[in-house]
Amino acid sequence: MIQAETLTFRHPEMAAPVLRDVSFAVAPGQLVAVLGPNGSGKTTLLKCLAGLWVPSGGRIVLDGRDLARLAPRERAKRLAVVPQEHAPAFPYTVQDAVLMGRAPHIPAYASPSSQDRWAARVAMEAVGIGELAARPTSRLSGGERQLTLIARALAQEAPLLLLDEPTAHLDFRNQHRVLGLVRRIAADKALTVIMTLHDPNLVAGIADQVLLLKDGALLAAGAPGAVLTEDLLGSLYGMAIGVLPHAGHRLMFARQW
Amino acid sequence: MRTRAGIILVAPVLAAGAALFLGAYGVAPMQVIRILAGRSAGTPEAGIILDIRLPRIVLAALVGGALSAAGTTLQAVLRNPLVDPFMLGISAGAAFGCALVIGFLPAVPLPLMAFLVGGLAVLAACAMAKASGQFSRLSLVLAGVIVSALFSALLAIVKFLVDPQKLQSIVYWLMGSFALADWSQVGSAGLGIGLGCLPLVLFRWQLNVLSLGDDEARSLGVHVGRQRALFIAGATLAATSAVAVSGIIGWIGLMVPHLVRMAAGPDHRRLLPLSMAGGAAVMIGADTVARSLTMADLPVGIITAVAGAPFFLYLMRRGGKESWGE
């Protein structure tokens, strides 16, 4: 589906690269979580995968084609992004915001058709925000805003979904609600999902594959059971971490504060 | 929402209708109707209605629509509710270009020079705002102020060097007025304004997407640089074509989009055409006030400036953080 090949990213004015020789492959239908401390390069990796930032070395291959060579419209039909920050200049309604997900399918000179409005409607129903359609996005709670952005990405009808810390501003319940929803929808529609997350416990509950990112390099990659170990997590975060199996779950906690 | 949109759409027609009956030279209402029906051709009153009032009203509508369309577009693509052609220095640049033509280069077409220098001004403002690091709302407004000041200074040099007779016509034209409107002006302004507004109207839904910011628009498949350049070029052509026939008329491009957004919401599919209609209506109204308030036919730019300053104050108080949004 998508592969990163010796991906390196360097900001123009900084000597140290943010990403160093990162390589991995994601198979269709997988749900991949990227885990790492602040500043480890998670968001940079996601921006590169989204095609928003151009890697300074290596390349990203999407469906067998070099991502950097895809026109914006072609790229947007293949992958949809749920950004972490969303600050529209004007308070569009939820309906209009979701409708913008149709942009890659609408010629630049045209407005959305009834078919596009229908697709937006379906996306809103899929995440359960149908009744918020007429609400201005400026008057949404953190969870509702996240769901609106997810609905917009679904309206895009791209097979690959990238989410940048989708749980960042959410409470305990909403974190699980949003991630549960993403997993259900991904399974229903056979989507491939890559997301960055902060909580190893959420990762253990949802991911098929985990990438551990430390100082811009891949520390380990694999199934949650193989990667979320005391050793690897301890080395990832630089602190003592315990892992407890409990009724089919893995519970991770800090051994010292 | 739908009734409000309807009211805004018919407003310019009503304003134009009312404006036809008002003026310094009294023409009885029944006679105006007879003239419009083509029953009093050749009379002096017919000349006043058909060759003085009507082109003036049409020109005011075109200019008001153009300035509002440009303001709406610039506010969206620059993600900044505080900009319009006037704030960004486009008007000042166009004015300098026009003064240069009036004073020294009579062979150059006025609208062309206005577009070239106005375009230069908007490029300079955007480059300056970008150079300060973040392309923030405040830095853009500041850059606009700086560019405006620069072109005002250049304009002052022209005024200083030009001979007194031409100076008078530059000064009067700068104040912003439709007093000299005729059908040939309507034609030349209409061409530039039409060409400038065409891409804005055609691509207006993309304004919604662009206003989300570069990264989001790009991830939604928009070719951000190309699309934004097209919008800024269209808005600049429309605004400078307006400046070339009417001088500097400030605030319309800022006030009207805000008022229409409050009435009909931010979706540009509706906002852009409604802003154009609203701008046309407001401009016809302001010009009718300007020419009926005193016998002297005040420049309409004075009327809009006097109304605009308190409006900006109101925006600052109401919007606060939301409008300045750093």
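What follows is a walk through a predicted model of a two-chain complex, from overall confidence down to single residues.

The predictor scores the complex with an ipTM of 0.91 and a pTM of 0.91. For chain B, the average pLDDT is 89, and 96% of the residues reach at least 70. One stretch of chain B does worse: over residues 320-326 the pLDDT stays under 50, and the model has 10 contacts there beyond four places in sequence.

Turning to the chains themselves, chain A has 9 helices and 12 strands. Its radius of gyration is 19 Å, close to the 18 Å that the globule rule gives for 257 residues, so chain A is as compact as a globular protein of that length. Taken along the principal axes, the C-alpha atoms of chain A fill a box of roughly 55 × 40 × 35 Å. Of the 257 residues in chain A, 43% are buried. As for how the chain folds back on itself, take the contacts in chain A between residues at least 6 apart in sequence: 63% of them join residues at least 24 apart.

Chain B is built from 15 helices and 0 strands. The radius of gyration here is 20 Å, close to the 20 Å expected from the globule rule for 326 residues, so chain B, too, is as compact as a globular protein of its length. The box filled by the C-alpha atoms of chain B is roughly 65 × 55 × 35 Å along the principal axes. Buried residues account for 51% of the 326 residues of chain B. Among contacts in chain B with a separation of 6 or more, 77% are between residues 24 or more positions apart.

Next come the strands of chain A. An open sheet is made of 4 strands in the order β2-β1-β4-β5, with antiparallel pairing. The edges of this sheet are β2 (19-26) and β5, each of which pairs on one side only. Inside the sheet, β1 (residues 2-9) and β4 (residues 57-62) run antiparallel and are joined by 5 bridges. Two residue pairs help to locate this pairing: A:Thr8 has A:Gly57 of β4 as its bridge partner, and A:Gln3 stands opposite A:Val61 of β4. On to the next neighbour: β4 and β5 (residues 65-66) are held in the antiparallel sense over 2 bridges. Here A:Val61 turns up again, this time opposite A:Asp66 in β5. The two strands β4 and β5 form a hairpin with 2 residues between them, and A:Asp63 in the turn has a positive phi of about 50 degrees.

A parallel pairing also occurs in chain A: β6 (residues 79-82) and β7 (residues 160-163) are joined by 4 bridges. A:Leu79 has A:Leu160 of β7 as its bridge partner. In a regular strand, side chains alternate between the two faces of the sheet. Strand β6 is covered on both faces, with A:Leu79 and A:Val81 buried on one side and A:Ala80 and A:Val82 buried on the other.

One loop residue is worth a stop. A:Asp215 sits in the loop between β9 (209-214) and β10 (217-222) of chain A. Is this residue buried or partly exposed? A:Asp215 counts as partly exposed because 15 other C-beta atoms lie within 10 Å, and 20 or more would be needed for a buried residue. A:Asp215 and A:Thr6 are 209 residues apart in sequence, yet their C-alpha atoms are 15 Å apart in space.

How do the chains meet? The contact takes 22 residues from chain A and 22 residues from chain B. On the side of chain A that touches chain B, the largest share, 4 residues, comes from helix α2 (residues 72-78) of chain A. This side of chain A divides into 17 nonpolar, 2 polar and 3 charged residues.

Finally, the interior. In soluble globular proteins, nonpolar side chains tend to be buried together. The largest nonpolar core has 179 residues, and those with the most contacts inside it are A:Leu162, B:Val63 and B:Ala66. Helix α3 (residues 44-77) of chain B gives the most to this core, with 15 residues. Leaving out residues up to four places away in sequence, B:Val63 touches B:Ala189, B:Ala242, B:Val245, B:Ser246, B:Ile249 and B:Met283.

Conventions
Residues are numbered from 1 along each chain as its sequence is written. Chains are lettered from A and ligands numbered from 1 in the order in which they are written. This is a predicted model: local features need pLDDT of at least 70, side-chain atom pairs count only at pLDDT 80 or more; totals for chains, interfaces and linings use all residues. Two strands pair if DSSP finds at least two bridges between them. The radius of gyration is taken over C-alpha atoms; the globule rule is 2.2 Å times the number of residues to the power 0.38. A residue is buried if 20 or more other C-beta atoms lie within 10 Å of its own, exposed if 12 or fewer, and partly exposed in between; C-beta atoms are placed from the backbone. Two residues are in contact if their C-beta atoms, placed from the backbone, lie within 7 Å. Ala, Val, Leu, Ile, Met, Phe, Trp, Tyr, Cys and Pro count as nonpolar, Asp, Glu, Lys and Arg as charged, and the others, Gly among them, as polar. A nonpolar core is a set of buried Ala, Val, Leu, Ile, Met, Phe, Trp, Tyr and Cys residues joined through C-beta atoms within 7 Å. pLDDT is the predictor's confidence in each residue, from 0 to 100.
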